[in-house]
Amino acid sequence: MAAIKRFFQKKKLDVKFKKAGEGHKLTEERQAAPRPTGQMFASGSNRPQTTVDAKRAGEAALARFESEKTTKDDQSFQLARVRMKKQMEAEKKALEEAEASGASYRAEPTQVVQDSAPVLADILFKCPEIGPVVLPKMEMEAYIHEYLLGSLVEEPEMTSALMIHTLNKNKDKVKVGIDTLLKYIDNILAHPGEEKYSKIRVNNKAFQERVASLEGTHEFLQSARFNVTALPFEDHEEQFYVMSTEDSKEEERLKNLKDVLLAAEPLRPQLDRALKVFHASSSASKFVIPDEFYNITPEELKKEQQRQTEAVEKLGMLRTKAMRERDEQRELRRYRYALLRVRFPNGIMLQGTFRTVEKLQAIYEFIRENLHEDWMPFQLITSTGQKLTEDAMTIAEAGLAPAAVVNFSWDPTVMAEIAAQKGKTQEGNYLKSDVIALIQSL
């Protein structure tokens, strides 16, 4: 679980938490303290068991997520499975018919752009902060969840702070929850040892709305050494989070808790570039684009293009500026991802997957990471002769979605200087040796 510590060390935060005394050691492998009854927290009390294998963890959590039919993500996932099942059934039927007629059968890609080409694999995601695992997005989100749960035993304070930021999607609610927790700690620091400021009534309306509704807050309060205790309240008993007098006087530990809450950031799946290297090929501009690349289905895209064509014909090309801008914005929102191939002068191609909202700078950074001479300036030119610069323009705005080939060349000024000094230019290998080792035929 050293990855949790490394995350905070990168934030220049090097805090150390002394482990609690006998009776509530959070590093012991024991069952977590039960959540308070009554008005319960948003997340369920039945936590999954910690797993070791990343793939199994992702699949286990994903299986649980599939059972929640009401979320949009799950609905999309179920639809994808239905489409896949239908496709497999169609291929099976075609195979049986082909065998019956004595012919051979070859499954064709489901979505082809331009001409036939190898099918792109699933869109994969990573989370570098916790390791080199690469999974589809839903499985990666599940793996991150499992990883955090598994890290609670060793690093409860840091992990629970990350859980609050990671497992809750509403940023505004997270900010309110964090501010409220910070206020609790500030009150204890300002009044050490005073019982009034060292306890929180579980059924308090503000606590329920601001804190209890968030994933990870129970774990954070537990790691902060709050114990759930039944105490008299008015004419009955209610449950409270209570910090002992001794613990409430540990100023350094409480300040460290504040620092961790403030430094934590959400762990989110990041798009994996799915790096590939290809030999020179006449099929460089032929792509197969998966459905995941589209914000709308390919069928809807075709209908929209037809609608626009008919609209332009009716208007006789007399469109206002506002109409053109509206169409341009609609075009930019059609694609989520872009598949880009960078062709070097020797014909070798470097391929990567990008989000369409990423800046052109991301392409330059991707290339630079894989260049043998990563210090040398270079330029990228599209097939139409457009020079791409490292500016604020997005990949979609540059017209590179859903797929494109761009041509690489060293900066001509630098090459002229090298030629003047050496009398000639020497291209050599463009890519690093470990990248070239991945080369394959397109």
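A salt bridge, as the term is used here, is a side-chain nitrogen of Lys or Arg within 4 Å of a carboxyl oxygen of Asp or Glu. Let us start with one such pair: Lys258 meets Asp186, with the closest N and O atoms 2.6 Å apart. Because Lys258 sits in helix α10 (residues 251-263) and Asp186 in helix α6, this pair ties together parts that are 72 residues apart in sequence. Helices (H or I, at least four residues) and strands (E, at least two) are DSSP runs, numbered from the N terminus.

A word on what you are looking at: this is a predicted model, in which local features need pLDDT of at least 70 and side-chain atom pairs count only at pLDDT 80 or more, while totals for chains, interfaces and linings use all residues. Residues are numbered from 1 along each chain as its sequence is written, and side-chain values use heavy atoms, with hydrogens and water left out.

Both partners of our opening pair are partly exposed, Lys258 at 21% relative accessibility and Asp186 at 31%. Here buried means under 20% relative accessible area, exposed over 50%, and partly exposed in between (1.4 Å probe, protein chains only). Helix α6 also carries a salt bridge between Lys175 and Asp179 (3.0 Å, N to O); these two are four residues apart, about one turn of the helix. Lys175 is exposed at 53%, and Asp179 is partly exposed at 37%.

The structure holds nine salt bridges. Another of them joins Glu250 and Arg253, at 2.9 Å between the closest N and O atoms. Arg253 is buried at 7%, whereas Glu250 is partly exposed at 25%. Through shared partners, Arg225, Asp247, Glu250 and Arg253 form one network.

Now turn to the strands. An open sheet of three has the order β3-β5-β4, paired antiparallel; two strands pair if DSSP finds at least two bridges between them. Since β3 (199-201) and β4 (226-233) each have a single partner strand, they stand at the edges, and one side of each is left without a neighbour in the sheet. Between β3 and β5 (residues 236-243) there are three bridges, and Lys199 has Val242 of β5 as its bridge partner.

Finally, look inside. The largest nonpolar core (buried Ala, Val, Leu, Ile, Met, Phe, Trp, Tyr and Cys residues joined through side-chain atoms within 4.5 Å) has 91 residues, and Phe408 is among those touching the most other members. Helix α6 returns here, giving the most to this core with seven residues. Leaving aside residues up to four places away in sequence, Phe408 has contacts (heavy atoms within 4.5 Å) that include Val342, Phe344, Ile367, Leu380 and Tyr430.
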